[in-house]
Amino acid sequence: MSGDAPGVPDGDTATIDRSSTELDKVVIRFAGDSGDGMQLAGARFTDASAAFGNDLATLPSFPAEIRAPAGTLPGVSSFQVQIADFDILTAGDQPDCLVAMNPAALKANLKDLRPSGTLIVNRDAFDERNLAKAGYEVNPLDDGSLTGFKVIEVPMDSLTKEAVKDTGVTGRDVLRSKNFFAIGLLAWLFNRPQEPTVEWVEQKFARKADVAAANIAAFKAGYTFGFATEATKTTYTVKPAKLESGRYTNITGNTALAWGLVAAAQCAKLPLFYGTYPITPASDVLHELSKHKNFGVRTFQAEDEIAGIGTAIGAAFGGALAVTGSSGPGIALKSEAISLALMTELPLIVINVQRGGPSTGLPTKPEQSDLLFSLFGRHGESPVPVVAISSPSDAFANAIEAARIALKYMTPVILLSDNLIANGSEPWRLPDVDQLPDISVTRITEPNGPDGAFLPYMRDVHTFARPWAVPGTPGLEHRIGGIEKDAITGNVSYDPANHQLMTDTRAWKVKNIANDIPPVEIYGDDDADILVLGWGSTKGAIRAAINRLRASGKKVASAHLTHLSPFPANLGEVLDRFDKVLIPELNTGQLRMLIRADYLVPAEGLNKVAGVPFTIGEIADKIMEMMES
Amino acid sequence: MTTPTYTRADFQTDQEVRWCPGCGDYTILAAVQGYMAQMGVPKEKIVFISGIGCSSRFPYYMNTYGMHSIHGRAPAIASGLAASRPDLDVWVITGDGDALSIGGNHLIHALRRNLNIKILLFNNQIYGLTKGQYSPTSEVGKSTKSTPYGSIDYPFNPVSLAIGAEAGFVARTIDMDRPHTQAMLEAAHQHQGAALVEIYQNCNVFNDKAFLQLTGKEERSHNRIDLRAGEPIVFGPNGDHAVVWREGKATVVDTASVPTSDIMVHDPSRLDPSTAFALSRLSHGPYGPTPVGIFRDVSRPTYEDAMSHQLVEAQEKRGPGDLDKLISSLGTWTVD
Ligand code: SF4
């Protein structure tokens, strides 16, 4: 099977002898109560698929509340994964298979399930109480409303209880294993190897033998249940993907970002300092970095967002590769301090893992609505470079890129990620660590002015970066600060011409970086009429839409921006080559506004702020609509 | 490494000092520069970080490394610097508005974390740079530009606040008394960990003579309580007042009215902060008998030492960071 509508076929096309049916891709969604361990189940299934060699992409979705009331719609947590035997770019538009652990999970997710898709439900959870909590007046398992799907009813609670009864777990721990029952069943249905999951459980619960035994027992029971009852007429196989040769790991964006920072520090030959304050969805970067003290990483959980960046500025002054990280509301609090870093011209990376806003907004949902805020969300004339990550694995390289710019140009750099990248995962072809770029800079150690004077704002003639003199260097004692500084001596200056010069210089310094970043590349047909321009996490959906249309014979091209400030030097020329420009964004048209303003191009937007990513279909449809108009 | 010998002039910069003539900041600057010359630390190792306010111009006048940062955030910036560079000698210059109003959060957390930073809090009980509004240490009823009917804000007692925030070292001194100021600077510097020195600083433009009770010749002889380690706490022209423990608090009495054995003997090294706190409650502003000197001087491990220790331990246990190992740590598979 191939093309746009594969997935788990219905009974008509399946082979009857229970031999396996081959699929090129399948989208599976696990949905349950936030206490049901759906994220863990999804991650385990994903890792087993990764180990098997599939390409994959994941999309977790969870409530903002840690434990929303059990059994209710707001408490539903889900994890979607697409596995494929080819290079896929998103977690898929529509699940082919939905696992619903309770009525609320069914209600919240059924609308997304592909017609005639496979629906696996935990029958035991469909009791009166749970049905009422989910707002069902009649049991959907009994009223014929699910006839359009291939329903597999499994009494998961009772089977799990039975499976774990000799493992020693008691009380609430018993039913905790039912997520493993579910992935055991899926492991059978999709012919996943069992070893990765069993090994993971053994390692993870090495100190809790009973829990390990219960999870493994439940997992095996799920597998055996499928096998023994012939739960479906066929099982399905998705062969390993023919990815570029190399060593792969499955990685989330936040982990890749943290590792990228560790790598950046090594590439810069500097100690890494991360000053931050916990916030969803950026906290995992702190969690990950705090594990790697043997790399000399210093993490500082500050008293608030402002102190988070404050400590990073202090560390930057002291000569570290300094980083702060947050999400929109936290970045707003850091705004004044970013201006200080910009004014004192210290190297600093400011990570913004964007989420739905404004205010608390949708803390666990993706949005790209902080682009203009990144460019302009400060007082005064305050240009900073902005770099955007476009997929989970892309975070690694762009952490290094942000560090390169910050150090080379002595400037704060905003590094944008979002909820989709942060928690989503994909296979990542591991780089050869010896081939990572050298981004080290020379810190000044001798006076640079007449008579042994040190002139802290005497700039490099190429980059316009000021020298970085770190405390401890004899003879270079100097003072920096937020007040405007004389263009050479760095002394406080209120001179009108000097402020003009310094303002222009700071702007020019950032603009000039355009000559030091890769040109934007065209993907698809050079001679197409339409260019789809994107940035950030929409890359996968845009590329998949382009691939789909080109496969059906249409001519279309896309370009994806990593550098949003400054734009690559060739962007204007690229835009000029196309009649029409479409800019899909998970905001109300922020890049579109910039492109229109900077290049006077009548770009059109495809905009969505619904807390969910674009589907491939949405983008493809919009392109078609523009082609036909 | 031998430390060069310095004079006060080595710590002066070519920048014109721009405080109002007669401002208490001048005498504090002279005291600090004078102390730095004898401190025994190479000047390239010294960093002054300040926030915003009159006093926060201070780093520009110190020929050391320095940063004049943003309002209230100096303790946070200094914390990051000290945590990442334990080899440096980090000083924070702040004022009552900077440290206790906009930057209150950073101050208390820097103190409780116990970074090895020395915080000099210039308390003039007024906002000077913004031309005369009441501050979080101004007295209730104070008439200022923003309180024409008198302030209704109850003030902080900075020493009480610092002790409450788990500070290991807390002292108070007065701008006019250079030897005392320098003694407090030295004690703060000797202390391993966060130190807060409240310096009563006269703003002769917007709040002149706020500290008269402690600086006027006649007044100070009645009101200044010098806390000296190991000595009974007595004050007044002929030592005629004493501090005793009564009804669960430190109380001023006539020395003659109590047996000598009742008089509190000052011990800033007491682990429990209750006594230090009680002494800080003898006054709530410089309006009557007010203690100066070291209230508390108790060491505990510093944040940066603990942090460095964890780094060393991790390296001993797991070896120096190996990037390839790190990126392979979640399990890998190979595609041919
Ligand atoms: S306003 Fe007051 S505190 Fe500020 S410089 Fe003048 S006298 Fe000093």
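How many salt bridges does the rule find across the interface of chain A and chain B? I looked this up before anything else in the predicted model, and the rule finds 2.

**Entry 1: chain A against chain B**

I looked at one salt bridge by name. The side chains of A:Glu303 and B:Arg113 meet in it, with 2.8 Å from N to O. Side chains of opposite charge can pair when their charged atoms come close. I then counted polar contacts across the interface of chain A and chain B and got 31 residue pairs, both residues of each at pLDDT 80 or more.

Next I asked which elements of chain A supply at least two residues each to the side that touches chain B. The helices I noted are α1 (38–52), α9 (253–268), α11 (305–317) and α12 (328–344). The strands I noted are β9 (246–252), β11 (298–301), β16 (425–429) and β17 (479–481). Of the elements of chain A, α11(A) gives the most to this side, with 8 residues. By class, I have 36 nonpolar, 23 polar and 11 charged residues on the side of chain A that touches chain B.

For the extent of the interface, I recorded a contact of 70 residues from chain A and 61 residues from chain B. The area buried between the two chains is about 5400 Å², and carbon and sulfur atoms give 62% of it. I checked which three residues of chain A supply more of the area it buries against chain B than any other three: they are A:Asn294, A:Arg298 and A:Arg479, with 14%.

**Entry 2: a strand pair between the chains**

I followed β17(A) to its pairing with chain B. β17(A) pairs with strand β2 (residues 65–68) of chain B, in the parallel sense and over 3 bridges. Within this pair I noted A:Gly481, which stands opposite B:His68 in β2(B). Strands of a sheet pair through backbone hydrogen bonds, either parallel or antiparallel.

**Entry 3: domains of chain A**

I took the division of chain A as domain 1 (13–238), domain 2 (249–435) and domain 3 (523–628). I then looked at domains 2 and 3 of chain A, whose C-alpha centres lie 26 Å apart. Their contact takes 26 residues from domain 2 and 21 residues from domain 3.

How many salt bridges does the rule find across the interface of domain 2 and domain 3 of chain A? I got 0. For polar contact, the rule finds 12 residue pairs across this interface, both residues at pLDDT 80 or more. The two domains bury about 1900 Å² between them, 63% of it on carbon and sulfur atoms.

I listed the elements that each supply at least two residues to the side of domain 2 of chain A that touches domain 3: α13 (371–376), β14 (386–388), α14 (394–409), β15 (412–418) and α15 (419–423). The largest share of that side, 4 residues, comes from α13(A). I sorted the residues of that side of domain 2 by class and got 16 nonpolar, 5 polar and 5 charged.

**Entry 4: a sheet in chain A**

I traced an open sheet of 5 strands in chain A, with mixed pairing and the order β18-β20-β19-β22-β23. β18 (523–524) and β23 (604–607) of chain A stand at the edges with a single partner strand each, so one side of each has no neighbour in the sheet. Strand β22 (residues 580–585) of chain A pairs with β23(A) in the parallel sense over 4 bridges. A:Pro584 stands opposite A:Leu606 in β23(A).

**Entry 5: a salt bridge within chain A**

Over all chains I got 38 salt bridges by this rule. One that I looked up joins A:Lys178 and A:Asp157, with the closest N and O atoms 3.4 Å apart. A:Lys178 is in helix α6 (residues 178–189) of chain A and A:Asp157 in helix α4 (residues 156–164) of chain A; the two residues are 21 residues apart.

**Entry 6: backbone**

Most residues other than glycine have a negative phi, and most peptide bonds are trans. I looked for exceptions. A cis peptide bond joins A:Thr280 and A:Pro281, with omega about 0°. A:Pro281 is in the loop between β10 (272–276) and α10 (283–289) of chain A.

The peptide bond from A:Gly357 to A:Pro358 is also cis, with omega near 0°. I placed A:Pro358 in the loop between β13 (348–354) and α13 of chain A. A:Ser359 lies in the loop between β13 and α13 of chain A, and its phi is near 55°, a positive value in a residue other than glycine.

Terms used:
Residues are numbered from 1 along each chain as its sequence is written. Chains are lettered from A and ligands numbered from 1 in the order in which they are written. Side-chain values use heavy atoms; hydrogens and water are left out. Domain bounds come from an automatic or database domain assignment. Contact means heavy atoms within 4.5 Å. Buried area is the accessible area (1.4 Å probe) that two parts lose on being put together, summed over both. A salt bridge is a side-chain nitrogen of Lys or Arg within 4 Å of a carboxyl oxygen of Asp or Glu. A polar contact is a pair of N or O atoms within 3.5 Å; within protein, one must be able to donate a hydrogen and the other to accept it, and residues adjacent in sequence count only if both atoms are side-chain atoms. Ala, Val, Leu, Ile, Met, Phe, Trp, Tyr, Cys and Pro count as nonpolar, Asp, Glu, Lys and Arg as charged, and the others, Gly among them, as polar. Two strands pair if DSSP finds at least two bridges between them.
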